[in-house]
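Here are my notes on the model you sent over, as numbered points. Have the structure open while you read.

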Amino acid sequence: MAAPDAGHGEVLLSVQNLGVRFPTPRGDLQALDDVSIDLRRSRTLAIVGESGSGKSVLSRSILRLLPSKALVSPTARIVFDGIDLLAQSQAQMQKVRGRRIAMVFQDPMTALNPVRTIGSQLVEGLRLHLNMPSAAAYQRGLELLQQVGINSPERRLSQYPHELSGGMRQRVVIAMAIACQPELLIADEPTTALDVTVQAEILELLQRLQREHDMTMILITHDLGVAAGFADEIAVMYAGQLVERAVTQDVFKTPRMPYAAALLRSIPRLDDAPHAELFTIGGRPPTTYGDAPAGCRYAARCERRVARCDAETPPIAEGPPGHAFRCWRPLEWQ
Ligand SMILES: Nc1ncnc2c1ncn2[C@@H]1O[C@H](COP(=O)(O)OP(=O)(O)OP(=O)(O)O)[C@@H](O)[C@H]1O
């Protein structure tokens, strides 16, 4: 699907017809189905959806970090700055991963080695990717820690991950991710494992770094509220499919697919009455094994369902220019 706001900047990342299946004893689990998405340089895209909607499989596909048993659809293409990523060998991907596309994961401890100091991990990345001599890498390590808002960086470099708070650890992981000045940074639920007070600080840090380094960014989150404050564009995933895509304010002002509208209603608002019950979407998204039955995957939970929703699969298509959605009975205006 073409990036909204077409004409501003070249497309840096293009995902076309991406399907991913995992073989299981119950048949192939369909994790992603025909996902196409373009992202222009310097833009931030939030990928939003409930647990299991395929957000992480999408980001891992881009980095070629899927488990070897994953089956990628033969017609899929993922093109990053003209490089066909799915056609690269793992050795070639080493030159892209970490260097041109970096990732920040949910739990900083999965990215950090618990038995090595922060300094050795940060410096090693710089030496490995950028061939820096030790002294220069150490100096750059200090600068990076300062950039991500860590005080007394000399002391921190000699500490082990467990000696740092969760927020501090995520700052270190972010410093490692930006070390090689990647063009694309993918942050997968970067604040979910952190205290609420620290979450906002980490998001602010990512936003500042995005601006300062003119990075293109993908933020994966289950929280549309977080996406709103962060991203230029929002892509909503549901049960392995992309179901709505537009610039952030269009998704908020005029969501077209009832699922996006329901997600919006489930965000707590400051003007809600005290103790007002939060809206929740009843039911759960389906998991598809083998070929998906015809129909809209959201139909069973949808307030606007009509017979066609069960009979035919809606394609993803643009309504107003730059606003694409997958729905037979879209909301015309909110
Ligand atoms: N290695 C795997 N083997 C089998 N199934 C998998 C594997 N990884 C993911 N899946 C399945 O693929 C689907 C999409 O998973 P994914 O992790 O992308 O969802 P998500 O939207 O990122 O969810 P969450 O917010 O919980 O991380 C899910 O049904 C999940 O169970």
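**Notes on the model**

1. Overall size first. The protein chain has 334 residues, and a compact globule of that length would have a radius of gyration near 20 Å; the chain comes out at 21 Å, so the two agree. Bear in mind that this is a predicted model. Along its principal axes, the C-alpha trace spans about 70 × 50 × 45 Å.

2. Next, the make-up of the fold. I get twelve helices and 13 strands for the protein chain. Of its 334 residues, 38% count as buried. Taking contacts between residues at least 6 apart in sequence, 65% join residues at least 24 apart.

3. What does the record say? The UniProt entry, which is unreviewed, carries the annotation "domain: ABC transporter" over residues 13–264. Over that stretch the chain is 40% helix and 27% strand. The C-alpha atoms at the two ends of residues 13–264 sit 27 Å apart.

4. The domain assignment splits the chain differently from a simple cut in two: domain 1 is given as 11–100 + 182–325, and domain 2 as 109–181. Their C-alpha centres lie 29 Å apart. Where they meet, 15 residues of domain 1 are in contact with 13 residues of domain 2. Which helix gives the largest share of the domain 1 side? That is α8 (residues 196–213), with seven residues. Sorted by class, the domain 1 side that touches domain 2 has ten nonpolar, two polar and three charged residues.

5. Now the ligand. How many residues surround it? There are 14, and the closest are Phe22, Ala31, Ser51, Ser56 and Val57. Two elements, β2 (27–40) and α1 (55–62), each supply at least two residues of this shell. Helix α1 gives the most, with three residues. By class, the shell has five nonpolar, eight polar and one charged residues. It may be worth putting that beside the side of domain 1 that touches domain 2, where ten residues are nonpolar.

6. A closer look at asparagine 17, which belongs to strand β1 (residues 11–24). Is this residue buried, exposed or partly exposed? It has 13 C-beta neighbours inside 10 Å; a residue is exposed at 12 or fewer and buried at 20 or more, so asparagine 17 counts as partly exposed. Setting aside residues up to four places away in sequence, asparagine 17 touches Asp34, Ser36, Ser73, Thr75 and Ala76. Isoleucine 37 is 20 residues from asparagine 17 in sequence, with 8.7 Å between their C-alpha atoms.

7. Last, proline 153, found in helix α6 (residues 153–157). Proline 153 has 19 other C-beta atoms within 10 Å, and because a residue needs 20 or more to be buried, proline 153 is partly exposed. Beyond its neighbours within four places in sequence, proline 153 is in contact with Leu142, Leu145 and Gln146. Glycine 119 is 34 residues away from proline 153 in sequence, yet the C-alpha to C-alpha distance is 9.4 Å.

Notes. Residues numbered from 1 in each chain as written. Predicted model: local features only at pLDDT ≥ 70, side-chain atom pairs only at ≥ 80, totals over all residues. Near = placed C-beta within 6 Å. Helix = DSSP H or I, 4+ residues; strand = E, 2+ residues; numbered from the N terminus. Nonpolar A, V, L, I, M, F, W, Y, C, P; charged D, E, K, R; others polar. UniProt positions renumbered as here; feature names shortened; annotations may be inferred. Rg over C-alpha atoms; globule rule 2.2 N^0.38 Å. Contact = placed C-beta atoms within 7 Å. Domains from an automatic or database assignment.
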